[in-house]
Structures are given as structure tokens and as C-alpha cells.
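Please find below a colleague's note, set out as numbered points for a reader who is new to protein structure. It may be read alongside the sequence and the model.

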Amino acid sequence: MTKKKEPAKPGTSDDRFPIVGIGASAGGLQAFEAFFTAMPPDSGMAFVLISHLDPTHISILPELIQKKTQMKVHLITNGLTIQPNMVYVIPPNKDMAIINGTLQLMDLPHPRGFNLPIDSFFKSLAQDQGTDAVGIILSGTGSDGSLGLRQIKGELGMVMVQDEGSAKYTGMPRSAVATGLVDYVLPVEKMPEALVKYAWHASVKPRDKISVDEKKIQTALQKICILLRTHTNHDFSLYKKNTIIRRVERRMHVHQIDNIEDYHTYLTRSEREVHVLFKDLLIGVTSFFRDPDAFAVLKEKYVPKLLADKAEGAMVRIWVAGCSTGEEAYSMAILLHECMDKMNRHFNVQIFATDIDPDAINTARSGLYPLSISADLTAERLKQFFTKEETHYRVKKSIREMLVFALQDLIKDPPFTKLDIITCRNLLIYLEPELQKKLFPLFYYSLVPDGLLFIGLSESLSQETTLFEMYDRKWKIFKRQPGRSTPSSVLNLPVSAPSEEPRAIKTLEAVKRAENIKNFKLVETILQESNTPPCAIIDEKLNIVYIHGRTGKYLEPAAGIACFNILDMARPSLKTVLASAVRKAASTKQEVVRKGVDVADNGGAITIDLTVKPVLTYGALQGMLMVVFNDAEKPTPKSRPKPRVTQKNDTISRLEQELQYTKENLQTTIEELETANEELQSTNEELQSTNEELQSTNEEMETSKEELQSLNEEAATVNTELQSRLDELSDANDDMKNLLNATQIGTIFLDMDMNIRRFTDRVTRLIPLTMSDIGRPVSHFATQLKAFQIVDHASQVLKDLISQEFEVESRDGKVFRTRIMPYRTMQNVIDGVVVTFEDITEFNRYRLTARRLSVIMDAKDAILIQDKKGAISFWNQGAVDMYGYTESEALKMNIKEMIPEENRKASLGLIDQAFEGKLFDSLETFRTTRSGAVLKVWVMVLALRDERDMINGVVTIERVIQDEK
């Protein structure tokens with residue numbers, strides 16, 4: 001039986017509650033308002049709002065949010081302690097952090113530059129609150145918050161993002177969703193319900209914690225590991241059980257599942273949840289140059305020492321195991337690049353970065369990172385190694401080419417070998433000691449002698465100190481011990497493992513080879529079908545890569561080491577013409593034909609037409625040339641040798657011809673080179689000047705762009721607040737208009753020049769005004785009032801600053817109480833007059849009636865009012881004196897009670913006649929007093945009529961008839 005949860009005591013661990021950080025930028029006000037409209041005030045959570053605000057503008061965000069929630073909204077001050085069921089809003093021009101539940105304010109590093117207050121607070125929130133941290137991203141531009149979400153997820157917090165369909169600006173939500181770490185993507189009005197359910201299940205609902213020691217828990221975990229291995233082909237059974245349990249618990253909170261066995265059942269029915277749990281287990285809280293002091297020591301001390309003994313251009317191989325989204329791998333590449341620049345030496349650096357998460361590897365391969373990485377990198381590194389795009393930074397080609405990203409399971413896939421450095425940071429802490437013991441020999445096996453191992457600050461080598469020498473205890477840098485051997489049985493690897501590379505690299509090479517074969521087969525098919533003469537295909541270096549037909553008459557192998565350069569293989573008499581044609585075809589990309597070229601052939605001579613032309617311009621053949629040899633005529637065999645003099649003359653003539661041809665080509669080449677050199681020198685100077693200008697302009701534009709982007713977000717936020725204030729003013733204006741109209745008092749506002757500023761509908765009955773008359777002098781209009789000059793009275797009020805009040809009569813006989821008073825602004829400045837006209841015609845009539853009633857009340861005669869049934873509704877002082885009944889007693893009586901039985905029928909008959917509208921003279925009758933005495937009275941009966949001229953009562957005036965005696 002589960003025990004009832006005791007109330008939390010202040011200062012204990014049970015006193016914790018979820019703290020929700022909500023980040024927004026442009027368009028965030030509407031999202032904030034929709035969120036708090038739906039959020040109950042007693043959720044037990046605290047809410048901290050971080051928005052991009054104009055540093056020079058006083059924010060009215062707390063006032064606007066307060067109207068949408070019953071929770072108290074605070075503008076944050078330094079040292080404010082967070083309490084549940086409260087809302088806290090960041091002030092303008094401030095950055096913010098949280099420590100021990102207390103908010104601390106700091107100045108922004110760049111008030112008008114590129115700042116990331118949401119990322120900054122989310123990171124602080126994750127470090128301070130751990131599993132109680134909740135991060136929510138709402139509408140906004142840019143990518144602020146994406147890196148902070150990683151920190152929250154790394155601490156097993158929860159992340160929500162507004163869906164793009166309901167967001168006014170989608171930049172921040174899209175960037176957050178792209179991380180793949182978001183638990184909920186919802187419209188903002190549905191977020192509170194999901195958040196309350198999650199918080200209740202994770203923090204409030206009483207339940208027992210999952211324990212590793214329970215047998216049923218171990219069984220369920222084993223089943224979950226089997227499901228993960230089945231769907232992902234990765235084994236998590238040797239991961240630390242507490243790590244898996246925390247991730248499983250968090251997923252159970254998201255789905256409000258209480259029992260781990262029920263969660264296993266849910267996993268069997270949902271492949272998507274298996275994938276999400278897999279992603280949760282792989283969360284890598286990484287960043288560029290994480291632990292920057294450790295990288296600084298590596299750069300200044302250990303990497304230069306490692307490179308010092310290497311020859312210029314030597315290979316440097318590095319393995320980044322568990323690279324996640326690539327930040328650490330790129331950090332190593334940047335570090336090596338900086339070391340080479342500092343040493344003024346060049347090495348062939350090859351960095352292998354591996355992970356089992358395909359999404360993370362794809363992110364790393366793209367080399368695209370959000371703008372918020374500027375918080376982790378110096379401005380110099382950003383400028384040198386990254387290219388800034390509209391919403392991202394892109395890693396430059398010089399760095400990207402140093403890395404190869406591949407999928408690899410560290411546990412079962414073959415390792416890389418002959419490595420100079422291995423980095424495996426913050427991965428080992430999630431693995432059981434049994435698995436760690438297998439990995440350290442593997443790292444030892446992969447490193448060259450004196451190679452470096454770089455692990456996380458929270459990790460250690462455990463019992464494997466015999467394999468590695470401690471280089472730096474603080475920053476966990478180790479050197480491979482020399483002279484140790486590692487049997488393959490320890491590594492559990494196949495014998496061929498040392499020469500194996502990851503499957504992804506081998507697959508890529510196989511694809512390239514297949515593509516080359518495919519292209520050459522296509523060329524062969526085309527040549528065979530088109531009956532092309534013998535030819536050869538050469539690459540940019542003039543090496544023959546493909547031969548078609550018999551080319552022995554034109555080409556022959558050169559003596560010495562095997563060489564496939566076409567100029568080396570060409571017959572001597574063909575080399576000069578061939579070299580000229582190849583050079584021209586390569587430079588012009590056009591077909592070049594040389595006709596009638598004599599080629600010596602086994603003591604004879606043949607004449608050919610030589611053609612050089614570009615081949616297919618795609619795939620592996622791009623940039624290659626085709627050399628075609630086409631016989632112009634058949635060789636003519638010599639039946640008898642020419643005379644020796646003739647042969648000598650032919651040889652001299654041919655040599656002179658070749659010499660002249662060579663001179664012409666050489667002269668042409670020299671002239672072309674001189675012209676090209678001059679043009680290149682001029683162009684180079686211009687380009688250098690232009691490049692400097694563009695570089696300067698680009699830097700200025702980048703700075704301006706960042707400032708403009710910041711200003712744009714701030715302006716959008718201010719604009720939204722102002723629009724909200726305008727909406728309030730519009731509502732207030734409507735309320736005021738309806739209020740003035742509802743008072744039935746005509747009002748007109750005049751400025752200092754007696755021009756019409758505003759008026760109510762009621763005043764148009766006295767002064768014929770329309771909306772188009774605003775701004776016109778009131779003296780231009782005639783009024784319905786008799787002997788009343790509005791301008792004269794208003795001017796007098798402005799002069800004396802004393803209000804005036806008097807009654808005026810309209811031409812239709814109505815009476816108005818007119819008040820004229822000064823118009824005062826909020827600063828108590830006189831800016832015109834206000835004139836009101838109140839219709840008091842009915843009031844005067846009632847006042848006259850009241851005066852008459854006062855006379856009736858004081859009359860000596862008894863005056864009564866009764867309805868048709870005889871109920872008394874009026875009883876004056878004369879009646880009190882005459883009959884003895886007080887007014888309160890009489891108003892509860894019926895007239896029948898005062899008429900003697902023998903006179904009742906006649907008296908009531910007269911009353912009925914009065915209700916029928918019949919007129920009659922006064923009469924004599926009798927009345928019984930309170931004391932029982934019977935008085936003889938004289939009675940006059942009058943009918944009372946309402947506004948519809950209907951009789952609704954009668955008035956009787958009664959007087960005692962004195963005895964004649």
C-alpha cells in the first residue's frame with residue numbers, strides 16, 4: 001500500500017517544484033497571452049519569461065501578462081527567489097542566470113549586438129534544477145534556445161515547442177524541433193494542459209521510485225533492451241542501469257504511465273516511442289570546445305609535442321568516438337589547424353568522427369550549426385573557420401575536408417588503427433565497468449606508440465593504468481604506454497580488424513568505382529556503335545585511361561619504367577603536332593583537327609588526320625580528351641630504296657618543317673604567356689584590392705546585420721506591446737463613447753480656439769454636427785437653444801478657469817442644465833472646455849409634482865389613494881389625525897375595513913364607477929376610526945391616470961362633517 005505523501009518542508013528536497021523557462025522573440029506576446037490564458041493559477045509551477053527586448057525601451061510585458069492570469073507577475077530584480085504559482089519577466093538590457101532557485105541579473109555583453117539570453121538561461125536552469133527544469137520555445141526569429149534545450153534534455157528535463165502552424169514567426173520553433181530532442185510540439189493554447197499533466201505525474205503524484213534491485217524491474221529493463229536491439233540493432237544492456245532507468249522514467253512521465261511493465265507494453269505497440277527512447281538514451285550534451293581550458297592545454301602543450309617529431313606533410317590520424325552532432329570533432333580540426341599555423345608546418349590531417357545516431361551524423365556531415373554557437377566560439381574562430389549564412393553558421397571547406405563522419409557502434413564494430421589521438425569524452429560515464437574494461441584495450445590497440453587518449457573530466461581509466469601513462473591528471477589526458485601487447489581475444493575483434501575502415505567509407509569507395517566502370521562502358525558502347533577510328537582517352541595529366549581500336553601505328557610503349565603518358569608513347573614524328581593539338585583542345589574546349597600529318601611506320605610513312613576533342617562532360621570522364629587517329633591514305637610500300645641524296649633531302653626538309661612549326665608554336669606560346677601574365681598580374685592586383693574592400697565591407701555588413709536583426713526582434717516586440725496598448729486604448733475609447741451615450745447627456749469638447757474636438761450623439765439634437773465637422777469652429781453652427789451663446793460662455797470659463805452652470809430652454813420647450821468647465825490633460829494642463837447639456841424637462845415636472853405632493857401631505861383633510869380592489873397606497877398626515885391609523889398601518893389595510901357594513905356596498909359602488917371613468921359629485925358616507933368610533937364624512941372621488949391615459953387608481957379627499965349641534 002502506497003503511503004500518503006507528507007507535506008513538503010521548506011529547505012528539503014521535497015520542497016522542489018518545476019521551474020518553466022519560456023523563451024520567445026518576435027510575435028511572442030500573443031503566444032505568452034494565449035499560454036497564460038489557459039494556464040491554471042494553482043499549477044504549483046513557477047514561470048520565467050525570457051524575451052528579446054529593446055534595451056532602451058521600458059517594457060510593459062508584465063502589465064500585459066498580468067491581465068491574462070491570476071498569478072502574480074513580477075519584473076525580475078537581482079537576487080529574487082523563485083516561488084511556485086508566480087510569473088517572472090526578464091527586464092530589458094539584461095542577461096539572467098539561476099543559482100539555488102535565486103535569479104541573478106547580468107548586463108548583456110552586446111546591448112545592441114547578437115545576444116542569446118534564452119540559451120544562457122536554459123543552460124543555467126538545467127544546471128541548477130536538473131529534472132525539475134522545463135524549457136518552452138514560442139514564436140520568434142533566429143535559433144536562440146536550441147542549444148539550451150540540449151542542456152535541459154541532458155539533465156532529464158522536459159522540452160516543449162510551439163508548432164509552426166500557430167507561431168507568428170517560425171525561426172525559433174523550427175530550429176528547436178530540428179534538434180530532435182523535443183517532447184511536445186503543440187499549439188500554444190494546448191501547452192498548459194499537457195504541462196500540468198506532466199508536472200503532476202513527475203512531481204506531485206505519489207508513487208514509488210523505480211529501483212534497480214527489484215527483480216521485476218530488472219526483467220522489464222531487459223525486455224526494453226531487447227526491443228531496442230531488435231529495432232535499432234544496438235545493445236544497451238551494458239549501459240548503466242541508473243542511466244536507462246532515468247530515461248525510462250522521464251518517458252513514463254511524458255505519457256503519464258505509472259508502471260514500467262505498462263511502459264514496456266506501450267513500447268511493443270509503438271515503434272515511434274522505441275525510436276524516441278533510443279534518441280533519449282543517446283542524448284549528447286556537447287558543444288564547441290567544451291571544457292575550453294582542457295582544449296587550451298591540449299593545444300599549447302601536448303599536440304605540438306606530438307607533431308614535433310613528424311615529417312612535413314606526414315599523416316596525422318585522429319578518432320573522435322561518440323561525436324554526436326560533430327561539435328567536438330570540428331573543435332579538434334580547428335585545434336589542429338591552429339597548431340599547424342602556429343608551427344608554420346603542414347600535415348595531412350584525417351579525423352574520423354563516429355556515432356551510432358544516424359540523425360546526429362547527418363547533422364555533423366552538413367556542417368551547419370545555429371547562430372547561437374557564437375556563445376561557445378571566439379569571434380576570431382567564427383570569422384576564420386565558419387561562413388555566416390542567414391540562419392546558420394557553415395563550417396568552411398578547409399576544416400570540413402579534414403573530417404570523415406561515419407556510423408559506428410563502438411561496442412561491436414572494428415576500430416580505426418594507427419591513430420595519433422583518440423577522444424572519447426563523456427561517453428564512458430554511461431557504460432558499465434565491464435564494458436569500459438573492453439574499450440580501454442581497444443583504444444590502446446588503435447593508438448600508435450606515444451599516441452594520446454583524451455577522455456571526459458568525470459571519467460577515469462579505472463584499472464587500466466598499465467596501458468596508459470597519466471599525462472595530465474586534471475584534464476584527463478593520457479599517453480599510450482610503449483611495449484605492451486594486446487591480444488585479439490581481449491579486443492574480441494576479427495584478425496583483419498587492423499586494416500578495416502568503417503563500412504560507410506568502404507561503401508563510398510565502392511560506389512565511386514562502380515560509377516567509373518559505368519561511365520567507361522557507356523563510352524565503349526558509343527564508340528563501337530559509331531564506327532569510330534582508333535582513338536585514346538586521356539586525362540588532365542595526358543595519361544591514357546582508355547584505348548579503342550588498334551593504335552600500334554601511332555603509339556608504342558616507351559622504354560624504361562612503364563608509362564602511359566600519350567606524348568611519351570607517341571611516334572617521334574607525331575609528338576610535336578599531338579602536343580600542340582592537345583594543348584589547344586584543352587584550353588579552348590573545342591575540337592582541334594590536324595590534317596596530313598606524316599607518321600613514320602616501320603621504315604615507311606603514313607599520313608593521318610589527327611583529331612583531339614573533349615569527351616563527355618559528366619561523371620568520371622569530366623575534363624578528359626579523346627585523341628582520334630584517322631588514316632588519310634594507305635601506306636605506300638617502297639619497291640626500291642630511294643637514292644641516298646633524295647632520302648637525305650627529305651629528312652632535311654622534314655626537320656626544317658618541324659623546326660619552323662616548333663618556332664611558330666613557341667613564339668605564339670611566349671606571346672600568349674606574356675599577355676596572359678600581364679592580364680593575370682593586373683587582374684590579381686584588382687582582385688586583391690577588391691577582396692580587401694569586400695572583406696572590409698563584409699565585416700561591416702555582418703556587424704550591421706547582427707545589429708539590424710537584434711533591432712528587428714526588439715522592434716517587433718515593442719510593436720506588439722504598443723499594438724496591445726492601442727487595442728486597450730481603442731477598447732477604452734469604445735467604453736467611454738458608450739458611457740457618454742448611456743448617460744443621455746449631450747457633451748461637446750472644444751479646444752482653445754473653440755474648434756470642435758469631439759462630441760456625443762446626444763448633442764446633435766441641439767447642434768447639427770457630423771463626424772466631418774470635427775476641427776471646425778463651433779460658432780459656425782446654429783443651436784436649438786434660446787438666447788444662449790456657447791462661445792461667449794466658454795471663453796469666459798477659459799479666462800476665469802471657473803466652471804459655469806445654468807438652465808437654458810430649447811425652441812421645442814425643453815429645459816437643459818448646461819455646464820461648462822475647463823478641459824484638463826493628465827499633466828493638469830488646460831487644453832479647452834467641456835460643455836454638457838442635461839435634459840431636465842421631466843425632472844422639473846417631477847419637481848413641481850413633488851412640491852404639490854408636499855402640499856397634499858401637509859393638508860388638514862384626509863387624502864387617500866387606493867387601487868381597484870381597495871388596497872390603500874397613499875395616506876397623508878390629515879388621514880392620520882382623522883382616523884388614528886399611522887401611515888405604515890394604513891398602507892397594509894383595505895378601504896373596506898374602514899367602511900361600516902351597512903354603508904359598504906354604496907361606497908364601493910361609487911369607487912367602481914370612478915374606475916369606469918364616470919364623473920359624479922361629492923357624497924356623504926361613514927368611516928370607522930382606529931378607536932372604533934364612526935365618523936360622518938364628506939368624500940370627493942378623483943380618478944388617477946397613467947401616461948397611457950388609463951385609470952390605475954382613485955384619490956379620495958375626505959373631511960369630517962361637523963354635527964349641526
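**Note on the predicted model**

1. A search of the whole structure finds zero disulfides. The model discussed here is a predicted one. Two cysteines may be noted in this context: Cys225 counts as buried, because its relative accessibility is 8% and the cut-off for buried is under 20%. Cys323 is buried as well, with a relative accessible area of 2%.

2. Strands of a sheet pair through backbone hydrogen bonds, either parallel or antiparallel. One open sheet has five strands with antiparallel pairing, in the order β22-β21-β25-β24-β23. The edges are formed by β22 (544-548) and β23 (592-601); each has a single partner strand, so one side of each lacks a neighbour in the sheet. On average, neighbouring strands of this sheet are turned by 25° against each other, direction ignored.

3. Within that sheet, β23 runs antiparallel to β24 (residues 604-614), and eight bridges join the two. As one example, Val599 has Ile606 of β24 as its bridge partner. Helix α20 (residues 572-588) packs on the sheet, where it touches β21 (535-538), β23, β24 and β25 (625-631). The direction of α20 makes about 160° with that of β23.

4. A further open sheet of five strands, also with antiparallel pairing, has the order β27-β26-β30-β29-β28. Its edge strands, β27 (756-759) and β28 (804-809), each pair on one side only. From one strand to the next, the twist averages 20°.

5. In this second sheet, six bridges join the antiparallel strands β26 (residues 745-750) and β30 (residues 830-839). Ile745 is bridged to Glu838 in β30. Helix α22 (residues 790-800) packs on the sheet and touches β26, β28, β29 (815-824) and β30; its direction makes about 130° with that of β30.

6. Does the length of helix α26 (residues 901-915) agree or disagree with the span expected at 1.5 Å a residue? Its 15 residues should span 21 Å, and the end C-alpha atoms are 22 Å apart, which agrees. Just after α26, Gly917 takes a positive phi of about 90°.

7. The buried residues of α26 are Asn903, Ser907, Leu910, Ile911, Ala914 and Phe915. They lie on the same side of α26, because they cover an arc of only 145° around the axis. An α-helix has 3.6 residues a turn, so residues three or four places apart point the same way. The cover over the buried residues of α26 includes β31 (862-866), β33 (923-928), β34 (934-945) and β35 (951-960). On the face turned away from the buried side, Glu902, Lys905 and Ala906 are exposed.

Methods. Residues are numbered from 1 along each chain as its sequence is written. This is a predicted model: local features need pLDDT of at least 70, side-chain atom pairs count only at pLDDT 80 or more; totals for chains, interfaces and linings use all residues. Side-chain values use heavy atoms; hydrogens and water are left out. A disulfide is a pair of cysteine sulfur atoms within 2.5 Å. Buried means under 20% relative accessible area, exposed over 50%, partly exposed in between (1.4 Å probe, protein chains only). Two strands pair if DSSP finds at least two bridges between them. Helices (H or I, at least four residues) and strands (E, at least two) are DSSP runs, numbered from the N terminus. Axes are lines fitted to C-alpha atoms, for helices over the stretch in contact, and angles run from 0 to 180 degrees between N-to-C directions. Contact means heavy atoms within 4.5 Å. The expected span of a helix is 1.5 Å times one less than its number of residues. The arc is that of the directions from the helix axis to the C-beta atoms.
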